[in-house]
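Q: Hi! Could you walk me through this one while I have it open on my screen?
A: Happy to, let's bring it up.

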Protein chains: 2
Amino acid sequence: MQKETIDKIRAFNRFYTGIIGVIDDHILDSPYSLSEVRVMFEIYHNSNITARQIRDILQVDEGYLSRLIAKQERQAIIQKKRSSIDKRITFLTLTKKGEKIFLKLNEKSSKSISVVFSHLNKKEQKELTEHFERIKILLTQKKIK
Amino acid sequence: MQKETIDKIRAFNRFYTGIIGVIDDHILDSPYSLSEVRVMFEIYHNSNITARQIRDILQVDEGYLSRLIAKQERQAIIQKKRSSIDKRITFLTLTKKGEKIFLKLNEKSSKSISVVFSHLNKKEQKELTEHFERIKILLTQKKIK
DNA sequence: ATAACTACTTGCCTAAAGCAAGTATTTTTC
DNA sequence: GAAAAATACTTGCTTTAGGCAAGTAGTTAT
């Protein structure tokens with residue numbers, strides 16, 4: 001791979017890390033950490049997910065995750081139900097309260113996304129999301145070598 | 001802003017956070033933390049930068065940064081020289097040793113970037129960096145409202 | 001000359017996260 | 001079908017990252 005290309009990728013990564021940082025910062029003035037919000041996100045979008053699956057998606061330490069989940073269970077955000085078929089596994093769902101909390105946080109994050117991207121008009125927004133789409137396709141397709 | 005657009009942005013952010021995570025993970029199996037490498041990066045690319053400037057670029061706590069710099073000075077990676085005009089300011093440079101270390105880490109990061117993007121052919125690489133370029137332009141231009 | 005400001009440092013503290021050993025359950029192997 | 005290996009999760013212990021506030025030294029403004 002060419003050095004120039006690598007430099008461009010690196011430059012974009014630094015740039016985009018900053019963008020993500022700004023958005024995340026806003027979520028962070030809530031009583032929940034980024035990781036906690038991510039856990040809620042995964043459960044919200046995939047009910048009855050397991051801790052193991054979340055670990056694989058978010059790439060977090062399983063011990064740490066176990067504690068996060070326990071904490072959110074104590075706070076009645078998450079509900080655990082053990083599988084009757086395989087008792088090692090517990091399925092996770094958000095409680096009504098948890099769902100409410102997550103949606104509020106999501107709303108907050110939407111707001112901060114809106115702020116960061118607010119200077120774009122309709123057409124530019126469309127262009128932007130098309131770039132995103134293409135990048136995703138480029139980076140996920142034919143990972144199979 | 002439209003909900004759909006926000007969702008697409010969020011989806012890309014999650015996706016790209018993962019990509020960056022994979023690349024960063026590789027750098028992290030070195031004795032230096034991400035923040036340390038970033039500090040080296042800034043000094044390497046901008047000799048005689050000040051701690052204040054690095055703080056502004058990287059958006060890190062100045063106390064934490066001060067310690068990082070002190071640590072790297074002890075390790076003879078960084079050299080401080082106080083400004084004779086304004087003695088509050090110290091200019092930072094990499095030592096020969098520091099430069100060597102940084103370049104090695106940079107090389108390592110280049111390798112991991114190469115791996116992540118290796119399935120792309122020349123044409124696709126070009127397309128990718130063009131998307132990056134456009135996104136950067138879209139997101140930096142006319143921030144002035 | 002004093003007050004306000006800037007650049008950086010230091011002390012103190014909490015939250016984030018890694019690692020390893022442990023428990024309970026299920027699956028594999030001989 | 002018992003022992004060994006594997007899986008899903010938990011717990012204890014520890015390190016690291018990073019925030020916040022007060023402190024120091026130097027500079028600029030009033």
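Q: Nice. At what angle do the axes of helix α2 and helix α4 of chain B cross?
A: The axes of α2(B), residues 34–45, and α4(B), residues 62–74, cross at roughly 75° and come within 11 Å. That makes α2(B) roughly perpendicular to α4(B), a label for angles of 65 to 115 degrees, with under 35 being roughly parallel, over 145 roughly antiparallel and the rest oblique. The axes are lines fitted to C-alpha atoms, for helices over the stretch in contact, and angles run from 0 to 180 degrees between N-to-C directions. Helices are DSSP runs (H or I, at least four residues), strands are E runs of at least two, and both are numbered from the N terminus.

Q: Before we go on, what am I looking at, and how is it numbered?
A: This is a predicted model, where local features need pLDDT of at least 70, side-chain atom pairs count only at pLDDT 80 or more, and totals for chains, interfaces and linings use all residues. Residues are numbered from 1 along each chain as its sequence is written, while chains are lettered from A and ligands numbered from 1 in the order in which they are written.

Q: Back to those helices. Which residues make the contact?
A: From α2(B) they are S35(B), E36(B) and V39(B), and from α4(B) they are L68(B), I69(B) and Q72(B). Contact here means C-beta atoms, placed from the backbone, within 7 Å. The α2(B)–α4(B) contact has 3 nonpolar, 2 polar and 1 charged residues. Ala, Val, Leu, Ile, Met, Phe, Trp, Tyr, Cys and Pro count as nonpolar, Asp, Glu, Lys and Arg as charged, and the others, Gly among them, as polar.

Q: And how many residues does each chain put into the contact between A and B?
A: Chain B gives 38 residues and chain A gives 38 residues. On the chain B side, α1 (3–28), α5 (96–117) and α6 (122–140) each supply at least two residues. The largest share there, 14 residues, comes from α1(B). By class, that side of chain B has 17 nonpolar, 12 polar and 9 charged residues.

Q: Switching to the DNA: which residues come nearest to strand C?
A: Of the 21 residues around DNA strand C, the nearest are S33(A), D61(A), G63(A), R52(B) and G63(B). A residue is near a strand if its C-beta atom, placed from the backbone, lies within 6 Å of it. α4(B) gives the largest share of this surface, 6 residues. The surface divides into 6 nonpolar, 7 polar and 8 charged residues.

Q: What about strand D, which residues come nearest there?
A: Those are R52(A), G63(A), S33(B), D61(B) and G63(B), out of 21 residues around DNA strand D. Here the largest share, 6 residues, comes from α4(A).

Q: Which backbone angle is unusual at Q59(B), then?
A: Look at phi, which is near 55° in Q59(B), a positive value in a residue other than glycine. Q59(B) sits in the loop between α3 and α4 of chain B.

Q: Is Q59(B) buried or exposed?
A: Q59(B) is exposed, with 12 other C-beta atoms within 10 Å. The cut-offs are 12 or fewer for exposed, 20 or more for buried and in between for partly exposed, with C-beta atoms placed from the backbone.

Q: Where does A76(B) lie?
A: A76(B) is in the loop between α4 and β2 (78–82) of chain B. A76(B) has a positive phi of about 60° although it is not a glycine.

Methods
Contact = placed C-beta atoms within 7 Å.
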